[in-house]
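Reader: I would like to read this structure feature by feature. Please give the general idea each time, then the case at hand.

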Amino acid sequence: MAKVQVLNVSVLDNPSPFGNPFQFEITFECMEDLPEDLEWKIIYVGSAESEEYDQVLDSVLVGPVPAGRHMFVFQADAPNTGLIPESDAVGVTVVLITCTYRGQEFIRIGYYVNNEYTDPELRENPPVKPNYTQLQRNILASNPRVTRFHINWEATMEKMEDSENVDPAPNAMLPPTSMPGKAPPFGLMPDNSMDCL
Amino acid sequence: MKLLKPSWVNHNGKPIFSVDIHPDGTKFATGGQGEDSGKVVIWNMAPVLREEDEKNENIPKLLCQMDNHLACVNCVRWSNNGLYLASGGDDKLVMVWKRAAFIGPSTVFGSSSKLANVEQWRCVMILRNHTGDVMDVAWSPHDVWLASCSVDNTIAIWNARKFPEIVMTLKGHTGLVKGLTWDPVGKYIASQADDHSLKVWRTMDWQLETNITKPFSECGGTTHVLRLSWSPDGQYLVSAHAMNNSGPTAQIIERDGWKTNMDFVGHRKAVTVVKFNPKIFKKKQKNGSTPKPSCPYCCCAVGSKDRSLSVWLTSLKRPLVVIHDLFDKSIMDITWTLNGLGLLVCSMDGTVAFLDFSQDELGDPLNEEEKNAIHQNIYGKSLAITMGSQLSSTIIDNPEMLKYQQERQGNQNPNGAQASGPEHQTPKLTNVLNGESLEDIRKNLLKKQVETRTADGRRRITPLCIAQLDTGDFSPALFNSVPILPGSSASTQLTPQISSDSSTANSLVYMYVTSYFPALSQPMEPMKALDSRFTERSKATPGVTSVPLTIGITPLDRVKDSSSVKEPKVKDETSSDSEDKIMAKPLSMAKRKGEMEGAEVVEKRKKGRPRKDSFIRTHVMSVRIKDKTKEPSRLITPVAVLKLPTPSIQKSFSTQVSTDAIAYLEVENEVSVVSGARLSQLKWSRDGREWDTLLTSRITIATGSSDIVAVACEDRTLSVFTTCGRRLIPSIMLPAPLAALHCSGHFVMVLMASATLSVWDVQKQTALVKNESLNPILSGTDATVSQSFLTRQGVAVVSLSNGKTYCFNSSLETWNLIADKQDSLVQCADFRNCVSSQDALGSMGPLALTQGRNLSAGRLASRLSSTPHHLQQGMTLAFLEKQLASALILLSASEYRHWLLIYARFLVNEGYELRLRELCQDLLGPVHKSSSSSWEPTVLGLRKRDLLTEVLPVIGQNLRFQRLFTEYQDQLELLRLK
């Protein structure tokens, strides 16, 4: 079983202007001392259509991790607007928090993010070129999607026998109906089973 | 009978494979398939029992759910004391759960169900051993052991007081093992497998008691589980799926002779689960009717793949009740309430059903006293004996055994704090927040958290340790609370405190990890690999350094220890060097003397007629040997510091003779010259008493014991006097100049320059060792004699400079190696846990003298965990047997006894039954006298049967050897009465 359990993720500074850094306060519990650091990443999905617009906003090592309950705040800069397709700037997208141990991803937490103009006028008539300064980012913090993967926690490089991933919660939230087909796939790895969306 | 299907007990439609009611009846656990994992859920019993509680929204139904199992959970079982829950699943793991002292509810992060956990159950132990799905788990009576069985065909017996220690792995099934049940008396455990067999194993030695195959030969491996059950009176074992005339049955197996004459018939498909009611019943007394004694009976529920449930009373020929179509799919598990009136059944269809019986239907349950009385009747001893002492589930047949067991228990308690129950393996609640409210910390977490850059420029955050493992005082409100925006208020200088705290926590936790997870010592490797990173970081965050530091402690200690052990060795060498230097003069002197003597002999040879005088001939031969080997020059040896020899004729010298009261020997050479002859004086004094005597040649060595004084002179004569100064024998003419001279008791040992050894008993005037050559031990080595001494029993011991020590056994006429500093067995033998504190005194003696230092070195080496256990076990055994034999050949009784007890303890601890039996047999000897027996009743003057009396309590400490213990205890008692 996993040595690290994520107990909670609080989304701080939400909603906030698009340019503000992301802030997640992560609480996790570790069953045994970890000889190596955990690596956390925040990935911003730029476009639902393609993974090539994914941006790793930041990656950070967390350690040392003795057995016990720990928390930290993971802050990462806002995405580089230049890398986001203009058509995808406004609307629903996804931000992912992943954690890897010894290079193996064992948990992936996804949040839907809704970017919209606060100004009703801009909302009615959005400019062709997105005005990022006017965009507000709203993370649907109440509905995290958590996928856990079975990884090899020991140092021995024995082959993982159960490499199949566990299913995510089947009745987790559905993409907002207003944006059919716009929800980007969570699963970035082919064997990731979060394709039930 | 009332029947209820509480629809709220479900795993969201997923199958429920197992159900178990907590011993206190307030909750029950279910195990089965979760959404993305295996699932264990703990439910409140009250809403099942009472309708009003079910309707009351303030009464929680779900108490806790655990998704930690990675795959389907096949079995959940509460320990008998109710403190633990064990679960086994398809992920090959057995997890042991314990309730955390926690007050509020919390949810599983990201879980779809927003139901809060009312109780917090945490995994305190993961038992990894099985290589396949775990199908069933079972706690032994009194929770001494936890058994788990698996599709890997094995059954693991875990020490429930020292998880994750495995007591035994039962191998023998050739198919998937799908069910386990303990005998309520604790003598057996039974298992049923897909290999068409039911096996009963003894808990005493974990060997197979019986293998029952006949009723199962027609069975196909079609059931998911085969949960068999043992009746509460211990008399009957009822199997799951068996066949009789092509019909599915539950086979009844009688304890008496394991007969299989009866079965429960009626189910249309295979029986998956049988569960006895924990109570024994007797007929309900009707009001008014005369109470007539009725036979107590048991009650048993049988569940089947045919989706029906039947409940049987052993007093009835037909089932009490049969319920069809209770479920849509196979019944998977059954559990009774402890009062025996309630029954929960779960099914593959994901539902459970509750049956509520009345006493009118089942009968009057016997209370515990009555139940014990039944056990007493059947098994002679009441189960209450073991219940009271909580020793073990094994019935202790022998009151003596019980005594030793209790003694052992008593001994363990004072220092047993770390070794009873898994709770010790979980760090206790420690709040590391120093009283700061979590909210305050959260407000500043971003600002205060320690962030550094690694060597490659990456950000690294040191997480804030808010609680050590499994703390209960950590506010759960956090999880559902509204996030606090950072920077709203400031509470300063918090982080350094925390980081230092958490670093001490690190070290504590690390120690805990190393001591309980020996396997984790391997991660030291990656730690090393990370060293550079650690050092990088330690510059920035002082708190972090503690981790590599603590890890360093073990190797550091080791180095320190080994150096401290080496030190005396080095000293030893240098001191012997200096001795050699001191000895250099006498050495060359002796050499010269040897040459001189050789010349003398040649002279003699010329003069005398060898063919006439055989004495001279032998003499010549010895000279030849000497010439050939050139040994003597090397042989001249340093003697014990107190008895400095003076082959170089000193004008005068004195020697201290260590006896009870210290005596002094003073030698003055050439005190006077009388008619051309030079006289030497020997003076002996003790406690003011003294005597002196005169010798005609100059004295080279003088030594003494409590009984005699021996003096060697320049003219190769040896004189022996009593402690009163009376000459015991006329001067002994030595064949060669003397190298070393020792006295002990009435024994005199001489080591001659010709590398020969002689030992005499001057009281009996006999030779124990006659001109025995040292060639066998010296040839082929560059070693020289570094030390020699004589034991009180007259055994000559010679230590060589290569670290080997030999003694000469006069009856075998052989040199025997008794100690070797380079012996790898010594280095690796680990018997420390077999040495008791009282033993320390017994270890003094000649054997300890020759190898004392090696032993401590061995003890150190044993800490190197690199040797696999079985290898170390073998080495320790070999070493201990060598010690025993060496003590025997040295005629050192106290050391023999000392090592015998250690040896016995080791055999008992490691379970060498055959050797133990052989040992006992030798100590006991034949019970009936027979002339043909060559058995000696004593060894080294110790009565063997007395030794056996000492060994037996040691054996009594391991219940496995109960039979052995009883056997020899009885025979010893018999002999005593004779």
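Author: Start with a strand pair. In E7(A), Leu96(A) is the bridge partner of Ile43(A). Strands here are DSSP runs of at least two residues (E), helices are runs of at least four (H or I), and both are numbered from the N terminus. Two strands pair if DSSP finds at least two bridges between them. E4(A) and E7(A) run antiparallel and are joined by eight bridges.

Reader: What ground rules apply to the model?

Author: This is a predicted model: local features need pLDDT of at least 70, side-chain atom pairs count only at pLDDT 80 or more, and totals for chains, interfaces and linings use all residues. Residues are numbered from 1 along each chain as its sequence is written, chains are lettered from A and ligands numbered from 1 in the order in which they are written, and side-chain values use heavy atoms, with hydrogens and water left out.

Reader: How many bridges join E7(A) to E8(A)?

Author: There are 11, and the two strands run antiparallel. One bridge partner of this kind is Ile107(A) in E8(A), which faces Cys99(A) in the pairing. E7(A) and E8(A) form a hairpin with two residues between them. Arg102(A) sits in the turn, with a positive phi of about 50°.

Reader: Is E7(A) mostly covered or mostly open?

Author: First the scale. Buried means under 20% relative accessible area, exposed means over 50%, and partly exposed lies in between (1.4 Å probe, protein chains only). E7(A) is mostly covered, with 11 of its 11 residues buried.

Reader: How do I read a nonpolar core?

Author: It is a set of buried Ala, Val, Leu, Ile, Met, Phe, Trp, Tyr and Cys residues joined through side-chain atoms within 4.5 Å. The largest one here has 44 residues. Phe24(A), Leu38(A) and Trp40(A) touch the most other members. Elements giving two or more residues to this core include strand E1 (4-12), strand E5 (54-62) and strand E9 (135-139) of chain A. E8(A) gives the most, with six residues.

Reader: Which residues does Phe24(A) contact, its neighbours within four places in sequence left aside?

Author: Contact means heavy atoms within 4.5 Å. Among the partners of Phe24(A) are Val9(A), Ile42(A), Phe72(A), Val95(A), Tyr111(A) and Ile139(A). A second, separate core has 42 residues, including Val795(B), Val908(B), Leu916(B) and Leu923(B).

Reader: Now salt bridges. How many does a search of the whole structure find?

Author: A salt bridge is a side-chain nitrogen of Lys or Arg within 4 Å of a carboxyl oxygen of Asp or Glu. The search finds 32 over all chains. One joins Glu36(A) to Arg102(A), with the closest N and O atoms 2.6 Å apart. This pair links distant parts of the chain, 66 residues apart. Glu36(A) lies in the loop between strand E3 (22-30) and strand E4 (38-45), and Arg102(A) in the loop between strand E7 (91-101) and strand E8 (104-117). Glu36(A) is partly exposed, at 21% relative accessible area.

Reader: Are Arg202(B) and Asp205(B) buried or exposed?

Author: Arg202(B) is buried at 17%, and Asp205(B) is buried at 16%. They form a salt bridge, with the closest N and O atoms 3.0 Å apart. Elsewhere, salt bridges that share partners join Arg77(B), Asp136(B), Arg227(B) and Asp333(B) into one network.

Reader: What about polar contacts?

Author: A polar contact is a pair of N or O atoms within 3.5 Å; within protein, one must be able to donate a hydrogen and the other to accept it, and residues adjacent in sequence count only if both atoms are side-chain atoms. The side chains of Ser79(B) and Asn81(B) make one at 2.5 Å. Ser79(B) lies in the loop between strand E6 (73-78) and strand E7 (84-89) of chain B. Ser79(B) is buried, at 0% relative accessibility.

Reader: What does Gln75(A) touch, residues up to four places away in sequence not counted?

Author: Gln75(A) is in strand E6 of chain A and is partly exposed at 24%. Gln75(A) touches residues of chain A, including Asp58(A), and also Leu446(B) and Arg459(B). The side chains of Gln75(A) and Gln23(A) share a polar contact of 3.0 Å.

Reader: Last, how do I check a helix span?

Author: The expected span is 1.5 Å times one less than the number of residues. Helix H19 (residues 893-910) of chain B has 18 residues and should span 26 Å; its end C-alpha atoms are 25 Å apart, which agrees. In H19(B), 13 of the 18 residues are buried. Gly911(B), just after H19(B), takes a positive phi of about 80°.
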